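This report describes the fold, the interior, the surface and the charged pairs of one protein chain. Please consult the sequence and the structure shown here alongside the text.

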Amino acid sequence: MERHEISEKQWNRIKDKFPPERKPQGGRPGKSNREMLNAILYWLNTGIPWRDLPERFGAWPSVYSRFRA
């Protein structure tokens, strides 16, 4: 577990609050809800611009659009 990320215990408590990860119509699989949440938490805790998110979180526009949703 990296800094600013939620633990397994925390994730297990909230994972049912998120929408399903797979779209019914198929398509390219996205990042998991947990990975997106960790990216958003990283952004909130550090205060960096969206464009400066570390590459391990994927493309910043994807994280931003999940945040807006």
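## Contacts of W43

Contact here means heavy atoms within 4.5 Å. On that basis, and leaving aside neighbours within four places in sequence, W43 is in contact with I48, P49, W50, L53 and F67. The model is a predicted one, and these contacts are computed from its coordinates.

## Confidence and overall fold

The average pLDDT of the protein is 88, and 90% of the residues score at least 70. Among the elements, helix α1 (residues 8–14) has the highest mean pLDDT, 95, while α3 has the lowest, 92. As a general caution, predicted coordinates should not be read in detail where pLDDT is low.

The protein contains three helices and zero strands, giving the pattern α-α-α along the sequence. Of its 69 residues, 23% count as buried. Considering the contacts with a separation of 6 or more, 46% are accounted for by residues 24 or more positions apart.

## The nonpolar core

Which residues make up the largest nonpolar core? This core has nine residues in all: M36, A39, I40, Y42, W43, W50, L53, F57 and V63. Helix α2 (residues 33–46) gives the most to this core, with five residues.

W43 belongs to this core, and its contacts include W50 and L53, which are also core members. Another of the contacts of W43 is F67, a residue of helix α3 (residues 60–68).

## The surface

The accessible surface of the protein comes to about 5500 Å², and carbon and sulfur atoms contribute 49% of this area. A nonpolar patch on the surface is formed by L44, Y64 and F67, which together have about 270 Å² of accessible area.

Is F67 buried or exposed? With a relative accessible area of 36%, F67 is partly exposed. Residues enter a patch only with over 30% relative accessible area, and the 36% of F67 therefore satisfies that cut-off. F67 thus takes part in the surface patch and also contacts the core residue W43.

## Salt bridges

Side chains of opposite charge can pair when their charged atoms come close. In this protein the count comes to two salt bridges. One of them joins the side chains of R56 and E5, at 3.8 Å from N to O. R56 lies in the loop between α2 and α3, whereas E5 lies in the segment before α1, so the pair ties together parts that are 51 residues apart in sequence.

A salt bridge also forms between the side chains of R34 and E8, with an N to O distance of 2.7 Å. This pair links distant parts of the chain, as R34 is in helix α2 and E8 in helix α1, 26 residues apart. E8 is partly exposed, with a relative accessible area of 47%.

## The surroundings of R56

R56, located in the loop between α2 and α3, has a relative accessible area of 38%. Why does R56 count as partly exposed? The reason is that partly exposed residues fall between the limits of 20% and 50%, and R56 stands at 38%.

Which residues does R56 touch, not counting those up to four places away in sequence? They are E2, R3, E5, K31 and Y42. Among them, E5 is the salt-bridge partner of R56, and Y42 is a member of the nonpolar core. The C-alpha atoms of R56 and E35 are separated by 9.3 Å, with the two residues 21 apart along the chain.

Definitions and conventions
Residues numbered from 1 in each chain as written. Predicted model: local features only at pLDDT ≥ 70, side-chain atom pairs only at ≥ 80, totals over all residues. Heavy atoms only, no water. Core = buried A, V, L, I, M, F, W, Y, C linked by side-chain atoms within 4.5 Å. Buried < 20%, exposed > 50% of the residue type's maximum accessible area, 1.4 Å probe, protein only. Helix = DSSP H or I, 4+ residues; strand = E, 2+ residues; numbered from the N terminus. Patch = residues over 30% accessible without salt bridge, like charges linked within 9 Å, V, L, I, M, F, W, Y side chains within 5 Å. Areas by Shrake-Rupley, 256 points an atom, 1.4 Å probe, with all protein chains shown as cover. Salt bridge = Lys/Arg side-chain N within 4 Å of Asp/Glu carboxyl O. pLDDT = per-residue confidence, 0-100.
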